[in-house]
Amino acid sequence: MKICCIGAGYVGGPTMAKIAQKCPDIHVNVVDINAEKIAQWQSDELPVYEPGLLECVKEARGRNLTFSTDIDEGIRRADIIFMSVNTPTKTYGVGAGKAADLKYVERCARMIAEVSTSDKIVVEKSTLPVRTAQSIKRILDATSEKGGVKFQVLSNPEFLAEGTAMQDLENPDRVLIGGETSPEGNKAVEVLASIYAHWVPREKIITTNIWSSELSKLTANAFLAQRISSINAMSALCEVTGADVDEVAHAIGRDSRLGSKFLKSSVGFGGSCFQKDILNLVYLCEHFGLPEVAHYWEQVVTMNAYQRDRFVKRILENLFNTVSDKKIAIWGFAFKKDTNDTRESAAIYVCKGLLEEQACLNIYDPKVTKEQIYRELGLPEDSDRIKICQNPYEAAEDAHAVAILTEWDEFKCDQMDYQKVLESMQNPQFLFDGRNIVDREKLKQMGFEVHSVGKSDFYAV
Ligand code: UDX
Ligand code: ADP
């Protein structure tokens, strides 16, 4: 059997590496229009940073895992095609700012239809609005009618989280496959299920109709993001009442109905999925005449923006209402630890907010490149408003404040020499912990003025 995956990004790359590792009998070919990315996948400097990914790629590369820019050939030879192209939020026309931009998906479907000379199973891997599979099927069928080629479209959303992608793929909570309810549809579902069954127990492979599968992905992300916005909403209340958000999270998390995961208050969620998928859901609800439901989910995104804004405001208030020309060390730029992905990272918004107040930023992240930081902040590379630093100590030198925006382990008290940081900073030494990862008492005793999300001294000015 031969698989072709179109799109070698954060989802396509790791997912296909895992399938190739687990199924040596299946040839997996990953194709992308971006030649630079493909070259990186063929090297030891992968374009995606994920713990354990390089080892997995190395095991299968050259055996049954290949990377190529020849998309037509990849499609032609495959029995199963995964569509793993990007689906950003639309920036133009109808649904701008909310609906998913399906131009890459449509382009991909047309390409498959044009070059296919044999029957194919086409799998939607990108997160897509409900009923996209139907549109893909229409494009495929309309174009292929001439050649008599038959397509089956499946929805197989990916639930991996970045930073833990390899573990999530190795041991998923579930694999979801949605297919057409017909004998041909069932057969296609079974083909895909049998691939995952190489390493995933059968009882974890859930099959549904296509629309349920598509909607489940949006729903899962909406619920997860909602939990973060809920605890972040409580963090604001904790700050003014003297409660401690971590204590509240711990206490409620012990209720087995609520569970303890995804209750970490922070400077705000980021990543390529949460905001995009919720806005997508909001658009769908509006489209289907459900404004109350749309409004309900939109609040999750509104609360997230509020949390980021609040963080900037607190820095400003504590630094005597001005950060103009003050140096602020930014520790962490990725949207979470153990990834080099910066899409929708809270750090972007916080940095932009501080730059608007004319602060000078010393930015350090262990995995994000200099070029990416400039690009995300929309600054030319000769801008003197920011400096990209090689380590956290360099960033903190002469700074009026340190702001922790990503929870990299190296920023924890047992891994950093905070005494060195303290001595190199301007007095008073402010530390704003947007991830609640430092030992506050220890740092306070050292002489830092520590402000953490959802703790009362964060509020007190
Ligand atoms: C998410 C979903 O978890 C995953 O199932 C889906 O396939 C893609 O979207 P991802 O965005 O990679 O995964 O990372 P996730 O761990 O969900 O974190 C998203 C954001 O929420 C990060 O910015 C993270 O720092 C933040 N977060 C997460 C919190 O602020 N608090 C938490 O308790 C958990
Ligand atoms: P995700 O996080 O969903 O994986 P990425 O943006 O990381 O999203 O990856 C999507 C990939 O899809 C990119 O590398 C992009 O170049 C690729 N891509 C987009 N459109 C096409 C296309 N028509 N043919 C091949 N690759 C494509």
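The following dialogue reads selected features of a predicted model, from its two ligand sites to its backbone geometry.

Biologist: Let us begin with ligand 1. Which residues come nearest to ligand 1?

Modeller: The model is predicted, and every value here is computed from it. A residue belongs to the shell if one of its heavy atoms lies within 4 Å of the ligand. There are 20 residues around ligand 1, and Phe159, Glu162, Ser266, Lys336 and Arg435 come nearest.

Biologist: How do the residues of this shell divide by class, and which helix gives the most to it?

Modeller: The shell around ligand 1 comprises 11 nonpolar, three polar and six charged residues. Helix α9, spanning residues 210–241, makes the greatest contribution, with four residues.

Biologist: Which polar atoms of the protein lie close enough to ligand 1 to count as polar contacts?

Modeller: The criterion is a pair of N or O atoms within 3.5 Å. A polar side-chain atom of lysine 336 is 2.7 Å from an oxygen atom of ligand 1. The backbone also takes part: a polar backbone atom of leucine 160 lies 2.8 Å from an oxygen atom of the ligand, and a backbone N or O atom of lysine 264 is 2.8 Å from a nitrogen atom of ligand 1. As for cover, ligand 1 has 670 Å² of accessible area on its own, of which the protein covers 91%.

Biologist: May we read ligand 2 in the same manner? Which residues come nearest to ligand 2?

Modeller: Of the 16 residues around ligand 2, those that come nearest are Tyr10, Val11, Asp32, Lys37 and Arg343. By class, this shell holds eight nonpolar, five polar and three charged residues.

Biologist: What polar contacts does ligand 2 have with aspartate 32, isoleucine 33 and arginine 343?

Modeller: An N or O atom in the side chain of aspartate 32 is 2.6 Å from an oxygen atom of ligand 2. The side chain of arginine 343 likewise places an N or O atom 2.9 Å from an oxygen atom of the ligand. With isoleucine 33, a backbone N or O atom lies 3.4 Å from a nitrogen atom of ligand 2. The protein covers 89% of the 580 Å² of accessible area that ligand 2 has on its own.

Biologist: I turn to strand β6. How should one read the two faces of a strand?

Modeller: In a regular strand, side chains alternate between the two faces of the sheet. In β6, Phe151, Val153 and Ser155 lie on one side and Gln152 and Leu154 on the other, and all are buried. Because five of the five residues of β6 (residues 151–155) are buried, the strand is largely enclosed by the rest of the structure.

Biologist: In which sense do β5 and β6 pair, parallel or antiparallel?

Modeller: β5 and β6 pair in the parallel sense, over five bridges. Lysine 120 stands opposite phenylalanine 151 in β6.

Biologist: Where is serine 116, and is it buried or exposed?

Modeller: Serine 116 occupies the loop between α5 (103–115) and β5 (120–124). Buried means under 20% relative accessible area; serine 116 is buried because its relative accessible area is 9%. A polar atom of its side chain lies 2.6 Å from the backbone oxygen of isoleucine 112. Beyond its neighbours within four places in sequence, serine 116 is in contact with Ile75, Val149 and Phe151.

Biologist: What does the side chain of aspartate 365 reach?

Modeller: Aspartate 365 is in the loop between β10 (360–364) and α14 (370–377), and is buried at a relative accessible area of 7%. Its side chain reaches the backbone nitrogen of lysine 367 at 2.8 Å and that of valine 368 at 3.1 Å. Setting aside residues up to four places away in sequence, aspartate 365 touches Gly332, Phe333, Ala334, Thr406 and Trp408.

Biologist: Finally, how should one read backbone geometry?

Modeller: Most residues other than glycine have a negative phi, and most peptide bonds are trans. Here the peptide bond from asparagine 427 to proline 428 is cis, with omega near -10°; proline 428 is in the loop between α16 (418–424) and β13 (430–433). Aspartate 338 has a positive phi of about 65°, and glutamate 344 has a phi near 55°. Aspartate 338 lies in the loop between β9 (327–331) and α13 (346–356), and glutamate 344 is in the loop between β9 and α13. Aspartate 338 counts as partly exposed at 21% relative accessibility, and glutamate 344 is partly exposed at 28%.

Conventions:
Residues are numbered from 1 along each chain as its sequence is written. Chains are lettered from A and ligands numbered from 1 in the order in which they are written. This is a predicted model: local features need pLDDT of at least 70, side-chain atom pairs count only at pLDDT 80 or more; totals for chains, interfaces and linings use all residues. Side-chain values use heavy atoms; hydrogens and water are left out. A polar contact is a pair of N or O atoms within 3.5 Å; within protein, one must be able to donate a hydrogen and the other to accept it, and residues adjacent in sequence count only if both atoms are side-chain atoms. Accessible areas come from the Shrake-Rupley method with a 1.4 Å probe; for residues, only the protein chains shown count as cover. Helices (H or I, at least four residues) and strands (E, at least two) are DSSP runs, numbered from the N terminus. Ala, Val, Leu, Ile, Met, Phe, Trp, Tyr, Cys and Pro count as nonpolar, Asp, Glu, Lys and Arg as charged, and the others, Gly among them, as polar. Buried means under 20% relative accessible area, exposed over 50%, partly exposed in between (1.4 Å probe, protein chains only). Contact means heavy atoms within 4.5 Å. Two strands pair if DSSP finds at least two bridges between them.
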